[in-house]
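Subject: Handover of a structure and notes on its interior

Dear colleague,

Please find below the structure that I am passing on to you. My notes on it come directly after.

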Amino acid sequence: MARIIQALLLALLASSCKSFSTIPSDSRQMLLPTYQKNDNAVGSSYRQSHLKDATISAVESFFITKPYLAAFLTCSAKASAADFIAQTKASASNVDLSRNAAFLVYGGLYQGMAQQFMYSTVFPGMFGHELDLNGLISQVAFDMTVVGPFLCLPLAYAVKGMFIGDDNVETGLQKYVHDVSSQGLLFKYWALWTPVNFLTFGIIPLHFRVAFVAFISFFWIFILSSTAGAELPNESHESVSSNGISSTATQQSL
């Protein structure tokens with residue numbers, strides 16, 4: 001499985017490099033400007049400013065022209081990094097790479113590509129492209145009461161169950177129910193994502209919504225990754241869960 005994931009990421013990286021080469025010509029021209037200024041303080045400042053503008057333009061063009069690839073790369077890297085930090089915080093000498101791979105795949109496929117599809121196609125089809133206040137409230141409420149509890153969170157736990165140790169999808173979903181009922185998972189979810197979603201759907205441009213959510217969800221994945229390590233009630237208090245993190249360490253990491 002690790003070799004498959006590595007091959008997939010290498011293919012995506014090669015595709016992203018090719019994607020930058022296909023950015024519209026006007027953006028590429030900004031990356032290779034011809035300067036006629038002398039090499040003085042004014043010229044140096046001008047070059048730095050122009051390079052900064054060119055970089056921003058290239059990144060924006062990439063997110064506009066290759067939205068699904070940009071979403072996958074952004075969110076998979078973010079999810080993997082957040083889970084790695086959560087694991088090292090709990091146990092610096094015991095990092096579960098299988099668990100990290102599960103969060104990498106979940107981040108890239110769901111938080112990246114699937115949410116890009118929802119933001120660009122599903123939600124505009126349901127609520128319209130131009131939201132008034134009532135439409136904004138309806139969209140946020142739908143995301144918080146339907147998408148999150150019945151798709152986003154169960155999928156995260158199911159994916160983790162598929163990748164980790166002797167767990168399976170059923171065990172992952174049992175842990176989800178346990179965390180909802182015993183650790184207040186949904187309250188944490190609503191407390192963070194309700195205000196974030198008002199910003200996302202009300203202010204952030206469509207092509208940057210996944211990236212904005214990825215930035216905020218770096219901290220959410222840290223919480224989710226730590227919470228997902230909790231034991232079920234019938235497990236021994238002294239034992240460690242299948243990902244190698246005890247419930248005590250999990251509570252401390254929150």
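The paragraphs below describe the interior of the structure, a salt bridge, a second open space and two individual residues. Please keep in mind that this is a predicted model.

I begin with the empty space inside the protein. Rolling a probe the size of a water molecule over the atoms shows where empty space is left. The count comes to one cavity of 30 Å³ or more, and its volume is about 150 Å³. Its lining is made up of 15 residues, and those nearest the centre are Q115, Y119, Y189, W193 and V213. Four helices each supply at least two residues of this lining, namely α5 (97-127), α6 (133-163), α8 (185-202) and α9 (209-227). The largest share, six residues, is provided by α5. In terms of class, eleven of the lining residues are nonpolar, three are polar and one is charged.

The nonpolar core comes next. The largest such core holds 30 residues, and Y106, L153, Y189 and W193 have the most contacts inside it. Two or more residues are given to this core by each of α4 (67-90), α5, α6, α8 and α9. Here the largest share comes from α6, with nine residues. Y189 and W193 thus appear both among the residues nearest the centre of the largest cavity and among those with the most contacts inside the core. Once residues up to four places away in sequence are set aside, W193 touches M144, V213, I216, S217 and W220. Of these contacts, V213 is also one of the residues nearest the centre of the cavity.

How many salt bridges does the model contain? The count comes to one. It joins R99 and D83, whose closest N and O atoms are 2.8 Å apart. R99 lies in helix α5 and D83 in helix α4, so the pair ties together parts that are 16 residues apart in sequence. Both R99 and D83 are buried.

The loop between α4 and α5 contains V95. This residue is partly exposed, with a relative accessible area of 26%. Apart from neighbours within four places in sequence, V95 is in contact with F84, Q87 and T88. Its C-alpha atom is separated by 9.5 Å from that of I85, which is ten residues away along the chain.

There is also an open space to report. The second largest pocket has a volume of about 190 Å³. Residues that line it include Y119, F123, P124, H129, E130, Q139, F201 and R209. The elements giving two or more residues to this lining are α5 and α8, and α5 gives the most, with three. By class, the lining has six nonpolar, four polar and two charged residues. Y119 takes part in the lining of this pocket and is also one of the residues nearest the centre of the largest cavity.

Finally, is N197, a residue of helix α8, buried or exposed? N197 is buried, because its relative accessible area is 2% and buried means under 20%. Leaving aside neighbours within four places in sequence, N197 is in contact with V140, D143, M144 and G202. M144 is touched by W193 as well, and G202 belongs to the lining of the second largest pocket.

With kind regards

Key: Residues are numbered from 1 along each chain as its sequence is written. This is a predicted model: local features need pLDDT of at least 70, side-chain atom pairs count only at pLDDT 80 or more; totals for chains, interfaces and linings use all residues. Side-chain values use heavy atoms; hydrogens and water are left out. On a 1 Å grid over the protein atoms alone, a cavity is a set of points where a 1.4 Å probe fits but cannot get out, and a pocket is an open set with protein on both sides within 12 Å along at least five of seven lines; lining residues have an atom within 4 Å of a point. Grid points are joined across faces, edges and corners, and a volume is the space filled by probe spheres set on the points. Ala, Val, Leu, Ile, Met, Phe, Trp, Tyr, Cys and Pro count as nonpolar, Asp, Glu, Lys and Arg as charged, and the others, Gly among them, as polar. A nonpolar core is a set of buried Ala, Val, Leu, Ile, Met, Phe, Trp, Tyr and Cys residues joined through side-chain atoms within 4.5 Å. Buried means under 20% relative accessible area, exposed over 50%, partly exposed in between (1.4 Å probe, protein chains only). Contact means heavy atoms within 4.5 Å. A salt bridge is a side-chain nitrogen of Lys or Arg within 4 Å of a carboxyl oxygen of Asp or Glu.
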